[in-house]
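Q: Please give a close look at the empty spaces in the interior of this structure, and then at the charged pairs and surface residues that help to place them in context. Where cut-offs are used, please state them.

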Amino acid sequence: MDETASDLSKGIVALSNVAEQAGVNKFTGGRGVVVGPILSHTLPDIFCDNEYSSNFLFRNNGNGTFTDVAAQAGVEDPMQHGRGVALADFNRDGRTDIVYGNWNGPHRLFLQLSNNRKQRFKDIASQKFSMPSPVRTVIVADFDNDNELEVFFNNIAYRGASANRLFRVSRREHGDPQIEELNIGEAAEPEGRGTGAAVTDFDGDGQLDLLVTHGESAAQPVSVYRVIQGSSNRWLRVIPRTQFGAFARGAKVVVYTKRNGAHTRIIDGGSGYLCEMEPVAHFGLGKDVATNVEVYWPDGRSVARPLELSDLNTVLEIFYPMAEEEETPAVEIECGHGFIVSENGRCTDQDECTQFPSVCPPERPVCTNTYGSFKCRANKRCNQGYEPNDEGTACVGRKVFQLSCCCEILWITLN
């Protein structure tokens, strides 16, 4: 905000362009952008997927400036043309992953690697997932509240049929997430001229509904789809607020559960191409029970709140902490399997490798702590320039880069 040109008493808020000072004044064919704690714990970083040039990943330096680290992180994708983009934590390791669609090019699912020394990504998109299409919007949501995330691709049929697609991305304990294409019935809209899509809970039943808009190359009505499966699954919706009562864009919400660890959502205003997402963190819980919720604001303030069974299947508003005592709960919180309560009243990862030195079997003696769990691998020795893979079964080349820090109502079926 330009304070000299603004007058809040008269409702005048003036903005000035500080892109050059911030280090983000790059020229390109910009298309999609998301803002949130991608590389940082709470500070907002910026990811831009671009057309006719490399993507940008601006790391927040904490002083009002940013550094583009896309090349070091492995997300440049210079030969493609990005469109819709979204942030999520697909493998529930506490790190933010990036998924986006490329216009008639391979779609990407960049998983942030679980290595504290490096902040880099690898594309785990399957052949079906990455199949090129004239994509517009990309949405990440748990439509059937089964505890796993789905990715929705909205396409525009501008040169023949191009169906929308939906993929479930399921966490696996000792491997990359499994990607499975789902049958979405009439929501495929093979002749749809999709220009955008968004999700929200229109009827308050705890399940997300999908709204798809059409146009540009042909006039078509808006469609609204409702998922039938999962009506018996538990859910929780969390709305963080700023100190002024507004929706807290850029906030991170973490829900801990008894059996399935931590689930993270980022309140992001972008996500869909030509769209804006709701400022709500929606959690599908399946049959699991949420025990604790934590909210982190971009300025570093945070709140932890224990959850009761009566809090499930409800919408919770979490307000910005105006005093220090509001940040830490007065009652004991339960973090769930693989996590313990830290001194400041927050859930933190339990280091099983240190706490239980003999946890790994003799044939796989090397223990590596992971977020909410641990891995055991063989003691593989590698030549210079190589390092063991995650399983310790082979040597792989070591990467040299490193960072320091009106509606048509339809129904769909998920098979």
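A: The account below begins with the internal spaces and then turns to the salt bridges and a few individual residues.

The model is predicted, so local features are reported only at pLDDT of at least 70 and side-chain atom pairs only at pLDDT 80 or more, whereas totals for chains, interfaces and linings use all residues. Residues are numbered from 1 along each chain as its sequence is written, and side-chain values use heavy atoms, with hydrogens and water left out.

Rolling a probe the size of a water molecule over the atoms shows where empty space is left. The search uses a 1 Å grid over the protein atoms alone: a cavity is a set of points where a 1.4 Å probe fits but cannot get out, a pocket is an open set with protein on both sides within 12 Å along at least five of seven lines, and lining residues have an atom within 4 Å of a point. Grid points are joined across faces, edges and corners, and a volume is the space filled by probe spheres set on the points.

The largest cavity holds about 410 Å³ of space. Its lining comprises 23 residues, and those nearest the centre are Leu 87, Val 140, Arg 265, Ile 266 and Val 280. At least two lining residues come from each of strand 5 (82-88), strand 9 (135-141), strand 18 (262-266) and strand 19 (281-286); helices (H or I, at least four residues) and strands (E, at least two) are DSSP runs numbered from the N terminus. The lining divides into 14 nonpolar, four polar and five charged residues, where Ala, Val, Leu, Ile, Met, Phe, Trp, Tyr, Cys and Pro count as nonpolar, Asp, Glu, Lys and Arg as charged, and the others, Gly among them, as polar.

The second largest cavity has a volume of about 50 Å³. Arg 265 belongs to its lining too, together with Asp 89, Phe 90, Arg 92, Asn 147, Glu 148, Leu 149, Val 169, His 263 and Thr 264. Strand 18 gives the largest share of this lining, three residues. By class there are three nonpolar, three polar and four charged residues.

Arg 92 also takes part in the lining of the second largest pocket, whose volume is about 150 Å³. The other residues of that lining are Arg 171, Glu 173, Arg 259, Asn 260, Gly 261, Ala 262, His 337, Phe 339, Tyr 371, Gly 372 and Ser 373. Three residues of the pocket lining are nonpolar, five polar and four charged.

Charged residues also enter into pairs. Side chains of opposite charge can pair when their charged atoms come close. With a salt bridge taken as a side-chain nitrogen of Lys or Arg within 4 Å of a carboxyl oxygen of Asp or Glu, the count comes to 20 salt bridges.

One of these joins Arg 237 to Glu 278, with the closest N and O atoms 2.9 Å apart. The pair links distant parts of the chain, 41 residues apart: Arg 237 is in strand 16, and Glu 278 is in the loop between strand 18 and strand 19. Burial is judged by relative accessible area (buried under 20%, exposed over 50%, partly exposed in between; 1.4 Å probe, protein chains only). Arg 237 is buried at 6%, and Glu 278 is buried at 17%.

Asp 176 and Lys 122 form another salt bridge, with the closest N and O atoms 2.9 Å apart. Asp 176 lies in strand 12 (residues 175-182) and Lys 122 in strand 8 (residues 121-123), so this pair ties together parts 54 residues apart in sequence. Asp 176 is partly exposed at 29%, as Lys 122 is at 32%.

In the pair of Lys 26 and Asp 68, the closest N and O atoms are 2.6 Å apart. Lys 26 lies in the loop between helix 1 and strand 1 (29-36) and Asp 68 in strand 4 (residues 66-68), so parts 42 residues apart in sequence are tied together. Lys 26 is partly exposed, at 41% relative accessibility. Thr 67 also lies in strand 4 and is partly exposed at 31%.

Beyond single pairs, a network of salt bridges links Asp 144, Asp 146, Glu 150, Arg 168 and Glu 180.

Finally, Ala 248 lies in the loop between strand 16 (234-240) and strand 17 (252-257). Ala 248 is buried at 2%, whereas Val 13, in the segment before helix 1 (19-22), is exposed at 52%.
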